[in-house]
Amino acid sequence: MSGAPSRGTGAAPGGAAARPGPGEGTGGGAVGLALVRDAEVLGSEPFFHEFIAGMERVLVPRGMPVLLQVVATVEQAAERMRSWAALGQVAGVILIDLLPGDERIGLVRSLRLPAVVIGDPETAAGLPAVWTQDDVAMRDVVGELVAAGHHRLGHVRGPAEMAHTIIRRETFVAAAREHGARTTCFDGDYSEAAGREAVERLVRLRAAERPTALVFDNDVMALGALHAAQRHGIGVPGDVALVAWDDSALCQLAAPPLSAVSHDVQELGELVADVMLETLAAGPEPGAARVETAAPVRLVVRGGL
């Protein structure tokens, strides 16, 4: 896949240049993000647009644009980072959507390339990390659904190999078991089609086996499920409650609006940028890696569960 050029916007949002914070003296060089995504899925997914906007709010005033490269495989992402390092094109990189034991962790260490991981500390393996506590969020969602009277729950996951997907699925199953709820699990890939397919599978189940609530790993899949449910005459949330993840404007503008696990994605981008600045300021031999916990997410209920 072809990559996007640097997304540095130049002018900072009002007051951003005066933003105090770590790494105040750091400047120069780009921050690279080699993102493994299908271009069609990325185009419809609001998360990364918001996330990069948050990063740029902190980095661009310091002369550090975000260099985004969209690739098809982990191997291509690794090759892009090797190229960036060889050509001196980036000061550091952001690692996101990592796999357990991901080769990119060892790669950035061998390249002596400063990196910040968006993921759990175990996956980060000693690199600076920002963790969104997906396990805590999923446990809270399951508890809220059971409290609302749902005892047959479904989860439509993102790409199965990603570490945070594994954490969400394992937590979903464990939390449901603790509450005595039954679970049905669906595969997905963050696309609208995956959400539609989950509903197609749901309607083929016997009525006594159908989940009465579905939790999705992103907004786009939840919207696909909503459209499929409407085609089948399934009421939302009357017949099945749909809970999206990230809570972009897509959820808020849907008809009916969708309940969602909500967090400020631009604020997450700002936090990651701050940790990157601290990492760069620490130099090539930093002390103990920083693990920063992002602001807690919350379940926003729209129209009931």
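## Where helix α8 sits

Let's start with one helix and look at its company: the buried residues of α8 pack against β6 (152-156), β7 (182-186), β8 (213-216) and α9 (219-231). Keep in mind that this is a predicted model.

Helix α8 itself covers residues 192-204, which makes 13 residues. From its first C-alpha to its last it reaches 19 Å, close to the 18 Å expected at 1.5 Å a residue. Which residues of α8 are buried? They are A194, G195, A198, V199 and L202. Looking down the axis of α8, you would find these buried residues within an arc of 140°, so they line one face of the helix. Here is some background that helps: an α-helix has 3.6 residues a turn, so residues three or four places apart point the same way.

## The sheet beside α8

Now for the sheet that α8 packs on. This open sheet has six strands in the order β7-β6-β8-β9-β10-β12, and the pairing is mixed. At the edges stand β7 and β12 (298-300), each with a single partner strand, so one side of each has no neighbour in the sheet. From one strand to the next, the twist averages 20°.

Zoom in on some of the pairs. Four bridges link β6 and β8 in the parallel sense, and G154 stands opposite L214 in β8. Two helices that pack on this sheet are α6 and α8. Helix α6 (residues 134-147) touches β6, β8, β9 (241-246), β10 (259-262) and β12, and its direction makes about 160° with that of β9. Helix α8 touches β6, β7 and β8, with its direction at about 135° to that of β7.

How many residues of β9 are buried? Six of its six are, so to speak, tucked under cover. Strand β9 also runs parallel to β8, joined to β8 by three bridges, and A241 in β9 is the bridge partner of A213.

## Another six-stranded sheet

There is also an open sheet whose six strands come in the order β2-β1-β3-β4-β5-β11, with parallel pairing. Its edge strands are β2 (66-71) and β11 (291-293); each has a single partner strand, so one side of each is left without a neighbour in the sheet. The twist here averages 20° from one strand to the next.

At one end of that order, β5 (residues 129-131) and β11 run parallel and are joined by three bridges, and W131 stands opposite T293 in β11. Helix α11 (residues 265-281) packs on the sheet, touching β1, β3, β4 (115-118), β5 and β11. The direction of α11 makes about 150° with that of β4. Helix α3 (residues 74-87) lies across β1 (30-36), β2 and β3 (90-96), running at about 165° to β1.

## The nonpolar cores

What about the nonpolar cores? The largest one has 30 residues, and those with the most contacts inside it are F51, L59, I94, V130 and V272. The elements giving two or more residues to this core are β1, α2 (47-59), β2, β3, β4 and α11. Which element gives the most to this core? That would be α11, with nine residues.

Take V272 as an example. Setting aside its neighbours within four places in sequence, V272 is in contact with F51, I94, V116, I118 and V130. Another core lies apart from this one and has 27 residues, among them V41, Y190, L202 and L258. You have met L202 before, as one of the buried residues of α8.

Technical notes: Residues are numbered from 1 along each chain as its sequence is written. This is a predicted model: local features need pLDDT of at least 70, side-chain atom pairs count only at pLDDT 80 or more; totals for chains, interfaces and linings use all residues. Side-chain values use heavy atoms; hydrogens and water are left out. The expected span of a helix is 1.5 Å times one less than its number of residues. Buried means under 20% relative accessible area, exposed over 50%, partly exposed in between (1.4 Å probe, protein chains only). The arc is that of the directions from the helix axis to the C-beta atoms. Contact means heavy atoms within 4.5 Å. Two strands pair if DSSP finds at least two bridges between them. Axes are lines fitted to C-alpha atoms, for helices over the stretch in contact, and angles run from 0 to 180 degrees between N-to-C directions. A nonpolar core is a set of buried Ala, Val, Leu, Ile, Met, Phe, Trp, Tyr and Cys residues joined through side-chain atoms within 4.5 Å.
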